[in-house]
Amino acid sequence: MSSKFSVTRVDVENPTFEIEEHTSPPGRLQSIDLGDVRVKRRASNQFTPLNDERRGSITYSTFLSLRRMTREVLPNLDHYRNLQSIINGPGGYSQRPTLDDLHQPPVDKESLVKENAGHGESHSTNKFGWIKGVFIRCLLNIWGVILFLRLSWVTGQCGIIQAILVATCGNIVTTISALSMSAISTNGQIKGGGTYYMISRSLGPEFGGAIGLIFSLANAIAASMYIVGFCESMNDLLKSLDVKIIDGGINDIRIIGSITLIVLTAICVIGMAWEARAQIVLLFVLLVAMLDFVIGAFVGPMSDDEIAKGFVGLNGTVLEENLYSDYRVDDLGVQQSFFGVFSVFFPACTGILAGANISGDLKDPSASIPKGTLLAIVVSYASYILFILLSGAAVLRDATGDVTGVANWTFTDCNETACEFGLQNNSQVMELVSIFGPLIYAGCFAATLSSALASLVSAPKVFQALCKDKLYPVIEFFAKGYGEGDEPYRGFALTFVISLIFTLIARLDSIAPIITNFFLAAYALINFSTFHASLQKVPGWRPTFRYYNKWLSLAGGLMCTAIMFMIQWWTALLTLVIILLLYVVVLYRKPEVNWGSSTQAQSYSLALASVTSLGNVEEHIKTYRPQILVLSGMPSSRTPLVQFAHSITKNMSLLITGQCFPEAQSFRVKEQLQHEATTWLAKHKIRAFYVSADGPSMDMAARAIMTIAGIGKLRPNTVLMGFKSNWDTSSPEELENYFKTIHYAFDMHMAVAILRVEGGMDYSWVAESLHSKTEPISPPSGISAPQDGSQGYQGYTNDVSLESESHGFNLKLGKKKKDKSNGIGSDVAPQVMDAMLRFSRKQPKGTIDVWWLFDDGGLTLLIPYILTTRSNWSQCSLRVFCLANKKDDLAAEQLRMTELLCKFRIDFSDIIMIPDIQKKPRDESQEEFNKLISKFKANEAEGDDSASESERISEAELLALREKTNRHIRLRELLLQHSKNASLIAMTLPIPIVGTVSAPLYMAWLETLTKDMPPFLLIRGNQSSVLTFYS
């Protein structure tokens, strides 16, 4: 008896099915209905479509999930966690099928997508919500030492009006920064690292690494500031009890601070859960202490002693006297000012990043950070304004503390007696005003210790995230985490050492400006990150937090920078220099990270704008640049050809390497070859692009590359190919493909250059040999050097495999030590290395002989001149060879050519006129040429029609082109006479006239010119001028 199931409801939230069980007779037809598709199934499990209008039920004997009926998968969060999940999901199988899997399913797989229940990222158990993780943490960090020990001093120095302005300016900066931070934090998932993570993923590793290092240091120093504040309060408490450890001053602060730092570090090391529990207790104590102050201000003084110390209760006269500023000279002789006081107060606003710094420990950072941070700013700002008003209205600026002067109000006279109390002189004003003094001490302890705890936790977390990204050398040691929560114990140790050093300074007013400077720099970059990301209009910039504005973020960044310089210009300048140096370090190291930063988007925008604007610029001879398409195949396979092309275009014009395939290649193959070629070019510092094309034949693929390579005005105007050294032994099809490629280039009005070097340029066999190397690699037996073979221009490899890395070897240019990672070093025989690197090394002193036979626009002369401007060719001078029109007037011809080159501003060492180009070549030279083409001659007498006309050289063709053939044979004799020892020969390339010359005869001409010669460059411009003597 088989079972019959019916699906009656689908839960969208949780994709499971409610199933009703029914019974059905054996062998009964069962049906499956899926939306608009309804099928029936028999025992053979074969499905047949049914035409039925019934919808909404699925009935079959054995339930088949949707994933077993199709290769497609439904949208899932796990598919978007990172790029790797698209290919390799949890459990080792593909979560989302690739386009190839859907479009061309592999026959050897029954199902590409498997059931994937229960997979996802593992989460730590100690995760916090927005209240405990952000709101409370920010409040505790904001309500720190400044609130209890310096807010009254700020009121006394600035007066109520300017004190409110100081608090307002600080909170404007933090509010704008919080809005920017909220936008960044809601633009995707945030991991551990907080501020560093947000800036680095927005602005890139250069700025991110710099600010991450500085911000980690700032948090470590902030912890010491809070601890020193705690020690000051503790010291005052001990003084009131007539107790001292050593001197009751700085040394006592150092001893108490060191002990406190050890205890707090131990709490942090125990774990985040203990630290979070401690935060709640500290917040309760802090709130009670603040309430104690407010009640005390309204109740008023309860003894003459309190009045004598300056606390007179809420009073309109006192409010009026404290309304305006009274900046004074401090104990170190420094005249205070608005921005000087601001630098001391601003650390009271810096706690806004406390929640973001532990983003990795939050349940939902994107929602928690904006909500908790902005609410904490509002609450803390309101409390600051309230405390400024209460202290300014209830406490005098100066008081002697003399009780006997209360009756006649002489306790405010500081002329005869030093005033040690009042807003300007006493840091324990809140304890004086409170209804119960000890609660203020408890609140101060809670505020300072909670802020110190938050800083001690934040600094190692941020630093650990920075170290894990490996942006800087040496510091990777601190990236290691321990336990389930990946706790940075090594980072805790480093933070402890830094905090201890600054704790021993034991002066709160000296530490606060340093922290202010660092935090302002961090806030400036946060604002600039948001502005920059918004300005680029990247589709990936989609923050769910909408209450931000890019121009407001820019204003916030500029405000932070301006305040830095107004506080102390030299510290601001020093901070910017440090950031710049750290930026340069990361820029130089070029870490292999790809975070999709806004700087990457800017590079794209600038490139797009430049290419678009370049399209509107008319071309001019003076701005001509040889933009080269080199048909090299994989760049690593024909290193000399690519390096020669790079010598021409180096840092000044476009270079594209092209690879042709005679048959279609899969996308994955092309993608991997693209990656390998780009990586090889980058590692060898060659500025070039790689393109590939496939077609029904090699010549069609080459034509496709010529057509599609480049964009706008950034398009190749010159094709560089390797000489096909085995043209006489290759198949007729291969020879014809090579010949057609030259024709296609001329058809597209492109210049053509063909390079030939002794031994050829195809070194793909070196890479293949590296996989099975047992001894230094030498050229294959039977040849003295590698041969170009039939792939001299196409760069086609018959066996392309995704697992093969045969194209990925790298060259070591003059390094003695072996590069274990990718260099081939001593694995290759010295003679092979010399041949491969012939154009990457400095050329010995010699000449570049330019045989400028015909006027092609000047490219034959320009290319060799460009080479002489390169450092590798700087010791080579130009010798120019030209044909003379008149044999009897060589001096005039030479003078005319000299004048022309001088007007072109081309440096040359000599000009040699050739008067006897039409002279009949020697018999042995003609005999050698006839021997070269003998196998290609058509035997018309015997009726040889087995080959096509293009594959043979007919007698009619030889007769028609006899003069041209003799001219090339004569040129060889002249080359042997004048240029046998040149470093490089550049000669005008003969143009193959369509329908006149066959491929074998044309290649025989080139062979005659270049055989057994120094490196030989045959080049022909497109008959457009590339040289001018006009300014």
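What share of the contacts in the chain with a separation of 6 or more comes from residues 24 or more positions apart? In this predicted model, such residues account for 78% of those contacts. The chain, whose length is 1031 residues, has 52% of them counted as buried, and its secondary structure comprises 33 helices and 16 strands. The accessible surface comes to about 48,400 Å², and carbon and sulfur atoms contribute 56% of that area.

**Strand β8 and its neighbours**

One part of the chain that can be followed in detail is built around β8, a strand that is mostly covered, with seven of its seven residues buried. Leu655, Thr657, Gln659 and Phe661 point one way from β8, whereas Ile656, Gly658 and Cys660 point the other way, and the residues of both sets are buried. In a regular strand the side chains alternate between the two faces of the sheet.

The strand β8 is paired with both β7 and β9, as the table sets out.

| Strand pair | Bridges | Direction | Partner of isoleucine 656 |
|---|---|---|---|
| β7 and β8 | four | parallel | leucine 629 |
| β8 and β9 | six | parallel | phenylalanine 689 |

Isoleucine 656 therefore has a place in both pairings, since DSSP pairing rests on bridges between strands: leucine 629 stands opposite this residue, and phenylalanine 689 is its bridge partner in β9.The connections between these strands also run through helices. Together, β7, helix α22 (residues 639-649) and β8 form a right-handed β-α-β unit. From β8 the chain crosses through helix α23 (residues 667-683) to β9, and this β-α-β crossover is right-handed as well.

**Helix α24 against the strands**

Helix α24 spans residues 698-708, and its buried residues are Met698, Asp699, Ala701, Ala702, Ile705 and Met706. Seen down the axis of α24, these buried residues fall within an arc of 160 degrees, so they line one face of the helix. An α-helix has 3.6 residues a turn, so residues three or four places apart point the same way.

What do the buried residues of α24 pack against? Their partners are the strands β7 (628-631), β8 (655-661), β9 (689-694) and β10 (718-722), together with helix α25 (732-747). The strand β8, with seven of its seven residues buried, is thus among the elements that the buried residues of α24 pack against. After α24 comes glycine 710, a residue whose phi is positive, near 90 degrees.

How values were computed: Residues numbered from 1 in each chain as written. Predicted model: local features only at pLDDT ≥ 70, side-chain atom pairs only at ≥ 80, totals over all residues. Heavy atoms only, no water. Buried < 20%, exposed > 50% of the residue type's maximum accessible area, 1.4 Å probe, protein only. Helix = DSSP H or I, 4+ residues; strand = E, 2+ residues; numbered from the N terminus. Arc of directions from axis to C-beta. Contact = heavy atoms within 4.5 Å. Areas by Shrake-Rupley, 256 points an atom, 1.4 Å probe, with all protein chains shown as cover. Pairing = 2+ DSSP bridges. Right-handed = clockwise from strand over helix to strand, strands pointing away.
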